[in-house]
Amino acid sequence: MIPGNGSATSNGRRRREVLSGGALIAAGAIAASASGAASAQVPAQPRSAGPIAAGRDTSLAGKSAFVSGAARGIGRAIAVELAANGADVMIFDIAGYVSPASNAKPATPEDLAETKRQIEAHGRRCVAVKGDIRDIAQLRAAANQMQDAFGKIDIVVADAAIQRWKDLLEMEDSDWKDVIDVNLNGTANQIRAFAPHMVARKSGAIIVLSSMQGKHGTSGAASYSASKHGIIGLMKSAAMELGKHGITCNAILPGLVDTALTRYPERWSHVIGETMDNPPKNPSEAETWNNRAPRVPLRVAWLKAEDISPMAVFLASDGGRMASGACFEVTAGDSALDV
Ligand SMILES: NC(=O)c1ccc[n+]([C@@H]2O[C@H](COP(=O)([O-])OP(=O)(O)OC[C@H]3O[C@@H](n4cnc5c(N)ncnc54)[C@H](O)[C@@H]3O)[C@@H](O)[C@H]2O)c1
């Protein structure tokens with residue numbers, strides 16, 4: 001049971017719980033269906049984001065969230081931002097070597113511990129789990145552990161991923177298979193492991209991380225691009241299947257964000273190569289910024305992880321209750337160029 005705090009938001013949440021249990025169907029509709037007649041009644045209070053109320057799109061008080069890939073980067077920003085807005089959080093990360101098909105340096109157990117420290121600094125509870133999203137048994141165990149620790153699972157953010165820069169014809173098998181296995185299969189594993197707990201409560205918000213590279217091709221990163229396209233198909237299918245249980249499923253599509261996934265000269269060279277033949281192989285950070293920023297509507301070459309996390313709060317909040325099956329782009333304006 002979600003603890004009440006007497007606010008409009010928590011009252012609204014309680015009402016939706018009752019509704020989602022089906023208890024407030026119009027009396028006439030119950031009578032009609034009991035007599036076998038076709039029900040032609042509109043539910044008295046259909047599922048909704050609730051009445052206008054300050055904070056309904058930001059407050060996560062009383063909610064609990066799972067975030068994968070939370071040792072650093074966007075996953076950490078989302079986990080900490082959810083906590084800053086009231087949620088208790090389970091953070092899950094491999095915090096170590098993933099695959100030869102990952103261009104980024106591995107995250108560490110210290111990174112994961114730092115995320116836990118930042119969450120607890122907001123006065124929220126945090127459970128940190130070191131695990132691999134490729135292993136659904138580990139995710140099912142984490143879901144049970146979270147259920148025991150927090151009593152329920154309101155929010156799942158499937159963020160963990162790897163990226164490989166390798167042309168298709170130069171790929172090793174692992175450059176294709178491992179990226180699909182981590183990014184696409186791992187995201188599906190998280191939905192399959194956690195959603196049953198949400199179905200049981202007829203409520204929940206699932207957020208997956210795709211990318212603008214999930215909307216178009218990427219020369220030099222086909223496995224990543226394919227995985228991020230696949231995540232959008234997965235998200236839309238999950239939204240269709242789980243909506244009847246009161247569960248939303250949406251994707252966040254960040255633009256280029258400054259994290260360990262992108263902060264190295266080879267990646268910067270690809271950024272410059274978007275508009276230039278034969279880009280420098282080892283450009284500096286300043287060279288990359290100055291090349292790209294003028295092309296971005298908001299004039300930043302890349303976003304910060306904490307520019308992305310507010311979107312997760314909205315999608316996880318009561319205010320985001322009726323958004324589902326959709327892609328939410330946070331790109332500093334790159335979206336305007338992407339048709
Ligand atoms: N940085 C960007 O420019 C950008 C742009 C668009 C989308 N994204 C997406 O945002 C998400 C986060 O990216 P980021 O930039 O913060 O990356 P990051 O490399 O900084 O963080 C990814 C985290 O995922 C973890 N991880 C990787 N494989 C794992 C596995 N098998 N099991 C458990 N944990 C695993 C890593 O240890 C790491 O902590 C990813 O889905 C990424 O594709 C990033």
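## Ligand shell

In this predicted model, 31 residues surround the ligand, and G69, G73, A161, T259 and L261 come nearest (a residue is near if its C-beta atom, placed from the backbone, lies within 6 Å). The shell holds 18 nonpolar, eight polar and five charged residues; Ala, Val, Leu, Ile, Met, Phe, Trp, Tyr, Cys and Pro count as nonpolar, Asp, Glu, Lys and Arg as charged, and the others, Gly among them, as polar.

At least two shell residues come from each of α3 (73-84) and α6 (173-201), and α3 gives the largest share, three residues. Helices are DSSP runs (H or I, at least four residues), numbered from the N terminus.

## Helices α5 and α6

The axis of α5 (residues 136-150) comes within 9 Å of that of α6, with a crossing of roughly 30°. Axes are lines fitted to C-alpha atoms, for helices over the stretch in contact, and angles run from 0 to 180 degrees between N-to-C directions. α5 is therefore roughly parallel to α6 (an angle under 35 degrees).

I136, L139, R140, A143 and Q147 of α5 meet N189, Q190, R192, A193, F194 and H197 of α6, where contact requires C-beta atoms, placed from the backbone, within 7 Å. Five of these residues are nonpolar, four polar and two charged.

## Helices α8 and α9

Helices α8 (residues 265-273) and α9 (residues 285-292) cross at roughly 25°, their axes coming within 9 Å. They are therefore roughly parallel to each other. W268, V271 and I272 of α8 make the contact with T288, N291 and R292 of α9; three of the residues are nonpolar, two polar and one charged.

## Basis

Residues are numbered from 1 along each chain as its sequence is written. In this predicted model, local features need pLDDT of at least 70, side-chain atom pairs count only at pLDDT 80 or more, and totals for chains, interfaces and linings use all residues.

Note on methods
Parallel < 35°, antiparallel > 145°, perpendicular 65-115°, else oblique. Contact = placed C-beta atoms within 7 Å.
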